[in-house]
Amino acid sequence: MLQIGCHLSASKGYLHMGREAVSIGAGTFQFFTRNPRGGSAKAVDEKDVAAYHAFAAENGIRVILAHAPYTLNGCSADPAIRDFATRTMKDDLRRMEYLPGNLYNFHPGSHVGQGVDAGIEMIAAMLNAILWEDMRTTVLLETMAGKGSEVGGSFEELRAILDRVALTDHMGVCLDTCHVHDAGYDIAGDLDGVLTRFDKAVGLDRIRAVHINDSKNPLGARKDRHEKIGLGAIGTEAILRVMTHPALRDKPFYLETPNELEGYAREIAMLKEKWA
Ligand code: FE
Ligand code: FE
Ligand code: ZN
């Protein structure tokens, strides 16, 4: 069964997000664990969590995706910035234990001129410092557009990080269609070829979630500007091929397109109607 949702604001809590998701035809959703620019998180409201669990069970919401603030950088040249990323992610993952069995996605980081190999080592070191054996969340590396000094713009870089994490069973990948397209992987023209490359480098079984976004820019632009589905360089048909591919069709899909709630509702309805 198709699992599709979109990014929602977490400001009114989990139950509110669950209700909002269902009201727009979604069966899952993504949210920021705290202000996307960093900052402190609200205390976990256990009543809200309990009400959410009951609502999710009644409405068939199986898995949800938390997104780390995108300003965290575990491979900064500044040790204080690396330490902040480590502490923030550890805190997020502790809070995720209130919602066991879900996913936590983060942008690997930017090596800011230190070189990709140094970046990979620091990201892996951070993960080795924050993961623990009996945690119940799967931590996802997002495929990146390769803008600036971003690490994770190639599948091999993701593999190199995963190879260095001791508790690798707690790790997966979130495939972002806009990002891989902007990184130069032709998912619109050659999806099978791209997935074969991903399988060789990382393994398709590592994909635990998919961000479905069109792109404002041409293949390989290394920009990372999301577009509404059908208005960008990827196109509706290519997005549907991603969503129906045998290797991906059972994954949860999340829209991060430039939309308000009504726009998301329209995109979800359109994709559900065409998905088969
Ligand atoms: Fe992201
Ligand atoms: Fe994304
Ligand atoms: Zn993006």
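Metal sites and local environments

In this predicted model, the zinc ion (ligand 3) lies 5.2 Å from the iron ion (ligand 1). The zinc ion (ligand 3) takes its protein donors from three residues, namely H179 through NE2, D224 through OD and H226 through NE2. The distances in this site run from 2.0 to 2.3 Å. Along the chain, the donors of the zinc ion (ligand 3) are arranged as H-x44-D-x1-H. D224 and H226 are both buried.

The iron ion (ligand 1) is bound by H67 (NE2), H107 (NE2) and E142 (OE), and these donors lie 2.1 to 2.2 Å from the metal. The donor residues of the iron ion (ligand 1) follow the sequence spacing H-x39-H-x34-E. H67 and H107 bring together distant parts of the chain, being 40 residues apart. H67 belongs to strand β3 (residues 65–67), whereas H107 sits in the loop between β4 and β5 (109–110). Both of these histidines are buried. A further iron ion (ligand 2) is found 3.3 Å from the iron ion (ligand 1), and E142 coordinates both. Thus the iron ion (ligand 1) has listed separations of 3.3 Å from the iron ion (ligand 2) and 5.2 Å from the zinc ion (ligand 3).

H107 also appears in the lining of an internal cavity. The search of the whole structure returned 1 cavity of 30 Å³ or more. The volume of the largest cavity is about 40 Å³. Its lining consists of A68, P69, Y70, L72, N73, G74, A85, M89, F106, H107, P108 and M126. By residue class, the lining of the largest cavity comprises 9 nonpolar and 3 polar residues, with no charged ones.

N102 is placed in the loop that runs between α3 (79–96) and β4 (103–106). The relative accessible area of N102 is 6%, so this residue is classed as buried. Two polar contacts link the side chain of N102 to backbone atoms: one reaches the nitrogen of I64 at 2.9 Å, and the other involves the oxygen of L99 at 3.0 Å. With neighbours within four places in sequence set aside, N102 is in contact with R62, V63, I64, M96, R136, T137 and T138. I64 therefore appears both as a polar partner of the N102 side chain and in the contact list of this buried residue.

F155 is located in helix α5 (residues 155–164). It counts as buried because its relative accessibility is 2%, which falls under the 20% limit. Residues touched by F155, excluding those up to four places away in sequence, are T143, V180, Y185, V194, R197, F198, A201 and V202. One of these contacts, F198, is 43 residues from F155 along the chain, and the C-alpha atoms of F155 and F198 are 6.1 Å apart.

K274 lies in helix α9 (residues 261–274). With a relative accessible area of 46%, K274 is partly exposed. When residues up to four places away in sequence are not counted, K274 touches T236, E237 and L240. L240 is 34 residues from K274 along the chain, and a distance of 7.6 Å separates the C-alpha atoms of the two residues.

Backbone conformation was examined at two further loop positions. Most residues other than glycine have a negative phi. V112 has a positive phi near 40 degrees and is not a glycine. V112 occupies the loop between β5 and α4 (116–130). The relative accessibility of V112 is 48%, so V112 counts as partly exposed. R222, also a residue other than glycine, has a positive phi of about 55 degrees. R222 is situated in the loop between β10 (214–215) and β11 (226–227). At 44% relative accessibility, R222 is likewise partly exposed. The zinc donor H226 carries the number at which strand β11 (226–227) begins.

Conventions:
Residues are numbered from 1 along each chain as its sequence is written. Chains are lettered from A and ligands numbered from 1 in the order in which they are written. This is a predicted model: local features need pLDDT of at least 70, side-chain atom pairs count only at pLDDT 80 or more; totals for chains, interfaces and linings use all residues. Side-chain values use heavy atoms; hydrogens and water are left out. Donors are N, O and S atoms within 2.8 Å of the metal (3.2 Å for Na, K and Ca); water is not among the atoms, so sites may look incomplete. Buried means under 20% relative accessible area, exposed over 50%, partly exposed in between (1.4 Å probe, protein chains only). Helices (H or I, at least four residues) and strands (E, at least two) are DSSP runs, numbered from the N terminus. Contact means heavy atoms within 4.5 Å. On a 1 Å grid over the protein atoms alone, a cavity is a set of points where a 1.4 Å probe fits but cannot get out, and a pocket is an open set with protein on both sides within 12 Å along at least five of seven lines; lining residues have an atom within 4 Å of a point. Grid points are joined across faces, edges and corners, and a volume is the space filled by probe spheres set on the points. Ala, Val, Leu, Ile, Met, Phe, Trp, Tyr, Cys and Pro count as nonpolar, Asp, Glu, Lys and Arg as charged, and the others, Gly among them, as polar. A polar contact is a pair of N or O atoms within 3.5 Å; within protein, one must be able to donate a hydrogen and the other to accept it, and residues adjacent in sequence count only if both atoms are side-chain atoms.
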